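Me: I am in my first year and would like a close look at one part of this structure, the surroundings of the ligand, followed by whatever helps me place that part in the whole chain. Please go slowly and explain your reasoning where you can.

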Amino acid sequence: MGTLKVKPSVTYCGPVQQPAVDLASLSLEALTTFFTSLGEKPFRARQVYKWLHQRGATSFDEMTDLSKALRERLSSTAVVRTVTKDLEQRSVDGTIKYRFQTHDGRMIESVYMPSPDRKTLCVSTQVGCAMGCRFCATATLGLVRHLAPSEIVAQVHAVNKEVRRNEGLETLRPITNLVFMGMGEPLHNFENVKAALALLESEEGPNFSARHITVSTVGLVPMIERFALETDVKLAISLNASNDETRSEIMPVNKKWKIADLMDAVKRFPVKQGRRVTFEYVLMNGVNDTDDDAHRLAALLKDVPAKVNLIQYNVNPGLGFDSTEDNRAERFRKILESQEVAAFIRANRGRDIAAACGQLANVDKRPSPAP
Ligand code: SF4
């Protein structure tokens with residue numbers, strides 16, 4: 001991995017001479033400044049912010065409590081950056097994978113996973129990914145670009161509308177939990193992810209609780225400290241190996257920051273309420289799933305307030321990895337448990353539609369047409 005470059009959180013589109021402001025990427029404060037610069041009253045900013053982030057408006061025409069003149073003026077200076085549903089695929093287990101098109105024709109994916117006690121959405125933070133994890137389908141795309149804050153939250157707004165419609169719900173925000181584990185490495189796009197988190201947690205917006213949002217990283221060590229200081233949501237580490245040799249082989253990021261560097265960063269992570277660090281460990285047959293791996297993993301996590309999610313690998317044709325069998329996965333879990341490490345085997349959601357962990361690569365496996 002090279003030097004990490006982060007694009008600014010506000011993006012522009014349209015002719016170079018007259019860039020249109022991406023309003024849905026702005027904080028309420030920045031939106032207020034924008035309206036003041038137009039000579040409008042500050043309360044207009046709050047009105048528009050609520051349209052964008054509570055109701056998920058995708059055009060100025062929907063903002064019916066603004067005058068027609070103001071809506072026309074906004075249309076000439078600003079844009080509502082959104083994403084458009086391109087494809088919907090339904091799994092037999094209730095998971096729905098959405099493919100969305102961005103304003104510049106890029107494809108990203110979001111995965112909705114309903115369960116009896118929660119409605120979780122997994123969002124993407126980049127088009128493609130630069131991290132090159134060898135077992136991951138997204139890595140084969142490379143990094144195309146970062147997503148703007150508006151494009152990250154637009155996935156949430158769009159799926160909220162789908163869930164309301166599909167499940168006949170009236171609540172504005174039926175999704176209860178968010179995980180940043182879709183396409184991309186969130187901490188590689190930290191500024192925009194941070195801005196998106198602030199929008200998602202804002203009271204005038206969707207008002208998600210920080211306890212219900214988890215951001216996953218492969219371990220960009222310097223960014224973990226910033227993440228701890230500048231956000232209040234939960235952290236997950238995508239670990240996937242118990243020693244440097246194996247991890248460097250399957251996750252190139254480990255050549256830059258070794259497991260010891262990563263564990264040091266995690267140990268410095270402030271453990272606030274509900275901020276126990278989650279370690280994701282994808283079990284791959286013969287790669288990282290031996291008894292020795294389990295013992296080494298337990299030793300690594302000694303003294304860390306952690307839990308481990310074990311995920312049996314979802315096979316991606318052509319990548320050359322196999323899934324760990326059920327009995328081996330259970331043995332691995334029991335070894336961790338015997339060393340007093342909380343470990344769970346996670347159900348693989350959406351495996352049949354390539355919506356599971358590490359399978360997001362705009363692959364069309366449509367088993368059923370969208371209703
Ligand atoms: S596992 Fe995550 S960080 Fe690694 S290549 Fe895939 S999307 Fe990127």
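Reply: In this predicted model, the ligand is surrounded by twelve residues, and the closest of these are Cys129, Met131, Cys133, Cys136 and Ala139. If you sort the shell around the ligand by class, you find seven nonpolar residues, four polar ones and one charged residue.

To place that shell in the whole, it helps to look at the chain that carries it. The protein chain has 371 residues, of which 45% are buried, and its secondary structure consists of eleven helices and 15 strands. Among the contacts between residues at least 6 apart in sequence, 65% join residues that are at least 24 apart.

The largest nonpolar core contains 97 residues, and within it Leu23 and Tyr281 touch the most other members. Because domain 1 (19–79) and domain 2 (84–353) both give residues to this core, it lies between them. Once its neighbours within four places in sequence are set aside, tyrosine 281 is in contact with Leu239, Asn240, Leu297, Val308, Asn309, Leu310 and Ile311.

Helix H1, which spans residues 28–37, shows how burial can be arranged along a helix, for its residues Leu28, Leu31, Thr32 and Phe35 are buried. Looking down the axis of H1, you would see these buried residues fall within an arc of 105°, and therefore they line one face of the helix. A general rule helps here: an α-helix has 3.6 residues a turn, so residues three or four places apart point the same way. On the face of H1 turned away from the buried side sit the exposed residues Glu29 and Ser37, while helix H2 (43–53) is included in what covers the buried residues of H1. Just after H1 comes glycine 39, whose phi is positive, at about 85°.

For a contrast with the buried residues, consider aspartate 303, which is found in the loop between helix H10 (291–300) and strand S14 (306–312). Is aspartate 303 buried or exposed? A residue counts as exposed if 12 or fewer other C-beta atoms lie within 10 Å of its own, and aspartate 303 has 8 such neighbours, so it is exposed. Its C-alpha atom is separated by 8.4 Å from that of lysine 267, although the two residues are 36 residues apart along the chain.

Conventions: Residues are numbered from 1 along each chain as its sequence is written. This is a predicted model: local features need pLDDT of at least 70, side-chain atom pairs count only at pLDDT 80 or more; totals for chains, interfaces and linings use all residues. A residue is near a molecule or strand if its C-beta atom, placed from the backbone, lies within 6 Å of it. Ala, Val, Leu, Ile, Met, Phe, Trp, Tyr, Cys and Pro count as nonpolar, Asp, Glu, Lys and Arg as charged, and the others, Gly among them, as polar. A nonpolar core is a set of buried Ala, Val, Leu, Ile, Met, Phe, Trp, Tyr and Cys residues joined through C-beta atoms within 7 Å. A residue is buried if 20 or more other C-beta atoms lie within 10 Å of its own, exposed if 12 or fewer, and partly exposed in between; C-beta atoms are placed from the backbone. Domain bounds come from an automatic or database domain assignment. Two residues are in contact if their C-beta atoms, placed from the backbone, lie within 7 Å. Helices (H or I, at least four residues) and strands (E, at least two) are DSSP runs, numbered from the N terminus. The arc is that of the directions from the helix axis to the C-beta atoms.
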